[in-house]
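Reader: Please take a close look at one residue and its surroundings, then set it beside the rest of the assembly. I would like one connected account.

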Amino acid sequence: MAGKKKSTFFANNSQLLIPLIAIALLVIFNLFRDPSFFSVSIASNNRGDPVLQGNLISILNGASELVILSMGMTLVTAASGGQDISVGALAAIAGSMFVKVLKSGTVTPGLIIAAFLACCAVAMVFGAFNGTLVSVFGIQPMIATLILFTSGRSIAYWINGGATPTIENATINAIGSFIPGIAIPTPILIVAAMGILFALLFRFTALGMYIQTVGINQSAARLNGINPVGIKLLTFILLGICCAVSGVIGVSRLGLINHETLLINIEMDAILAVAIGGNNLGGGKFKMIGSVLGAYAIQALTITLYAMKVPSTDVKAYKAIVIIILVVIGSPVVKAKVDQLMKKIRTGGSAERRQSA
Amino acid sequence: MQDDIVLTMRRICKYFPGVRALNDVDFTLRKGTIHALMGENGAGKSTLIKVLTGVYLMDEGEIRIDGIEGPVTIRSPQEAQSYGISTVYQEITLCPNLTVAENMFIGRGEKKSVDWKAMEKRAGELLESLGIPARPKQQLGSCSLAVQQMVAIARAVDTECKVLILDEPTSSLDDKEVAMLFRLMRDLRDRGVGIIFVTHFLEQVYEVSDTITVLRNGELVGEYAIKDLPQVKLVEKMIGKDLADLEHIEKHATADTAAEPLYEVKNLSSSESRPFDFHIAKGEVNGFTGLLGSGRSESVRAIFGADPVTGGSVKMSGKSVKITKPLDAMKNGIGYLPEDRKRDGIVAELSVRDNIILALQVVSGVTHPISRAKAEAFADEYIKALDIKTASSDTPIGSLSGGNQQKVILARWLLTHPQYLILDEPTRGIDVGTKTEIQKLVLKLAEEGMSITFISSEIEEMLRTCSRLIVMRDRNIVGELTGADLTQDRVMHTIAGGGN
Amino acid sequence: MNSKNNQLPARRREPMTDTQLLLTITICIFFVMYVAAILIWGGGFKKPQMLFDMLNDNAFLIIISCGLTIVMITGSIDISVGGVTALVAMVGVMILNGTLFEGLIASMHLAAAGRIVFAVVVSVLIGLAFGAVQGFLIAHLEIQPFIITLAGMFFARGMITILSVDPQKAPQDLMDILQKRIEIEWLGSVNKKGVLIPAKMEIGVVIALVIVVLVFLLLRKHRLGRSFYAVGGNRQSALMLGVNVRKTRFMAHLICGLLSGIAGFVFMMHTGAGNATNATAAEMNAIASSIIGGTLLTGGVGNVIGTFFGVLTLSTIKAIVTTSGLRDPWWQSITTGAMLAFFIVLQSVVLMGKNKRRRKSEEDK
């Protein structure tokens, strides 16, 4: 009985294998390289509050924006079989809006909430723009979002009239680093909150099934009363919210908005996280947890490379090699070839005998 | 090997996981003959064709081709082509973005450069000599499906093939085009080409074929000269002993059609169908019949709102309702099992369980998810009730056999407890046993008070289950048959246009 | 009227294929835009040198866009083109200024010209290597092109900084050879002092134009070129029609890699510098150019002439934005984005409308 249960677990979650293997490899590699890599200590920051420190924490903390974006990206990928390459630009727009509203008066908690809502609204509008192009006009997501990818950061620039304004505020600082008295970095808490929100969304609605149905067979979805246009649009709007949250985290970390560098190149990592998470980039079934693990694996790789004193500009090249190894292992053609080889080895003798007879 | 034999297949076997698609099948094709390959859906016709064209690699057996020493292994369509085997498939396998001429010449010959002038001239001559209404420079996608099909045949003809396989070539052609195709086939036969003709139209087989090979359940039944096998015998060979089983199905007393109809519509039209009137009583089983393309599917799609509805006034149990999209229909207790199971029905990668609860989930709304436990219970109930053969309710529906997939879709609609269920070709592409089960189920449901509209291209099936047949031709309703008029002759007559 | 039509059914002009239709739209829009620019802003736009400057600045972009067009026609994508261009430019500069392969070059006793030839060979080899590896992984292992070429881009960009974190400069004497300009006097203009300034065109532009012509011939006249369209139109059908789908997809990526290598060298000829930020976002500009030129990312439809005009259209927009006084830096990319949106929606609407009309006419029949 136990054996059966185990086998169905792996059958159901086989797609999580790649990100888990990736993380496991990184863990083992780091254990051999430097066991102290995993040490987590409590230090006190410049305000004297106790905070957690260590490579593990910086992986979890640093991956926050990526994890949140990859959650949204998973949904868009599942429903429309394509990827949104404008997430970084959209996060920059949202961040600019956030700062713009904050700059409009003295920063009070009320204003921060207003700023957050404003940037969510803006991100949702742009998400809906992308979504409309994809769902109504039937344009491939990568092409549709190329528009915002090209012009998004300039729009962000334009919102603040060309400046890179800074914000000095304790609350904003707390969003980007630590809430006094809590040792865990705030971005990790925000990721947890987003994760819980998505979990609740899928627990208390049938949205997951709707999205997968639309992604697998749009025609069947329509004939079973699901509105594919609406569902696709919704996934883009949800991704918009994810962009807004990541943008706010990114802005709060630095205390300023830099439209050029905020979450630059993150769209590629987010798509990668979805792919490493075992989700089909052609849409259909998805597991958000896979993308989340994929995002952490990417960040773990980056931090490991940093720890090995690889310059930050060179990290890309090593990342590329790891990505290629992972996708080659995961490629169905390679899997089939390996299966065939294993079968041959196992049944080699008997097959020969049959042929001679 | 005899001199006039162009192709021999011996003891061909092909296995798929859990299925023996072909079991020791022999097949022989002679030069200058048209050889019909017959069998019910699932008999193994298309598997045999795919083995011959290199789409599937056979597991056992041997293939010999005239003029080539020893048995051959066909690994790809290109290789088949190089042996002189050309195929025209039911679904068009041409590139819609290229021109007609290119589609006829791409992938052939050794020349590296493309001589457009010569190619278009040659294509033009060929099209003209075969009487195909297409222009060489035309983009293929702008031709009708029938013309695209003929372009594919023209291509095959031009490759000087020894074996020409026509897989259901007539299913999208009208009478005139069929006649044109047959003229072409006879012409090719007289030039010495061996033609394998796969079709489900019996009359057409008798019109052009010389020889018939019948397959059933992946096994060879036999090879017959056309004159030795009357139509009735052929049907018997194809259907086999299961025919007897079907005889036991008995239609129940006709429902009270005089009562107020459950569903009634006046002047219903959609983007794909012309306006028509229709009604169905509680517990009635009726059917739309007519040839492929007669508008029978489009009509029921309009009832369900599957295509954009453009007009009509609908009443359910006497009350006016608005049905313009599938969700409206579902909320009014209408279910619809689509004609193309693969394209419109199954959600291949989702589990059997999710596929079963899909419609009920949508009817109850996105904010009321069906709990896992409930879903399990529903799935188990229907897997048992309909005898769906699946490893578990977690298995993706895509890995089930056609018949079992169809049962899952049926379960999906039964779970919503519809008042009115539309079944468009529920028995297509599934094994005979399941066909019988589905027909029995239809009658049982009707007895329990469900109204059912049933469409099948097999008229016998409709006669067995329906108490009223609506006959369509050229996208219009041309007749309605009930009671004593429900005979095969009368239906055929009406379809053919001599009914009134 | 009617009888005339009936008499000459064969003479009827063939309706345009999707490729032709989108190409026509692109060329028309480019000319309308350019003429409008001349009429409204005159000045710079009247001088042919304006056009030549666009070509000089964008020769490398034209080349990689050609490669990308091929890949997109087969229904695939290559986003490593910009990275490969930048990597090749860096390697080229380092060979010229003697920081890379110096031992090898010294042992071969190469003169200045030999050194340049060596750099060209290495550029082409790097391009081919990227194309071959990516093509193999995509065509034979059937891995998603986006992921593979994304990794290719990361690898190329990473390699640049591994080679040299600091910007590198090519020696002036070699650059003087490479940056020779072709002067065309009859297209020149007279400046304020009354001196005739001939129009100047860089060698890179000639290379780019030759490549456009070659790719055009490949796509139009060569068996392989037509296979690209077939594979992009319907991969399954192409297989059934006897096209070697794997080889075709591999070749598309190989050619695209080769062109990126050449583009890298052309880029270096233009700038004479190697830098980590070289050709930033070139892949997106190339994709945008191809789309504006009428290539569909869904595959099967596209034309390299359109791509050429796509590059010109993009640079004209940028020139117009600068000339019209919108000097704030954000306007360029915002207008580019808007233009892209316009073309993308236009394409989708035009093709949708065409399909609808087609269905309708079939029904009427």
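Author: What follows starts from a single cysteine in chain B and then moves outward. The model is predicted.

Cys143(B) sits in a loop of chain B, with helix H4 (116-129) before the loop and helix H5 (145-158) after it. Cys143(B) is buried because 24 C-beta neighbours lie inside 10 Å, and 20 or more are enough for that class. If neighbours within four places in sequence are set aside, the contacts of Cys143(B) are Val100(B), Ala134(B), Gln138(B) and Gln148(B). For Val100(B), the separation along the chain is 43 residues, while its C-alpha atom is 8.8 Å from that of Cys143(B).

A loop residue in chain C can be set beside this one. Gly194(C) belongs to the loop between strand S2 (181-190) and strand S3 (196-202) of chain C. Gly194(C) has 6 other C-beta atoms within 10 Å and is therefore exposed, the limit for that class being 12 or fewer. Gly194(C) and Thr149(C) are 45 residues apart along the chain, and 52 Å lie between their C-alpha atoms.

Back in chain B, the domain assignment gives domain 1 (5-245) and domain 2 (248-496). The centres of these two domains of chain B, taken over C-alpha atoms, are 33 Å apart.

Chain B also meets chain A, in a contact with 19 residues from chain A and 23 residues from chain B. On the side of chain A, helix H10 (207-216) and helix H11 (218-223) are the elements that give two or more residues. H10(A) supplies the largest share, 6 residues. By class, this side of chain A has 9 nonpolar, 8 polar and 2 charged residues.

Terms used: Residues numbered from 1 in each chain as written. Chains lettered and ligands numbered in written order. Predicted model: local features only at pLDDT ≥ 70, side-chain atom pairs only at ≥ 80, totals over all residues. Helix = DSSP H or I, 4+ residues; strand = E, 2+ residues; numbered from the N terminus. Contact = placed C-beta atoms within 7 Å. Domains from an automatic or database assignment. Nonpolar A, V, L, I, M, F, W, Y, C, P; charged D, E, K, R; others polar.
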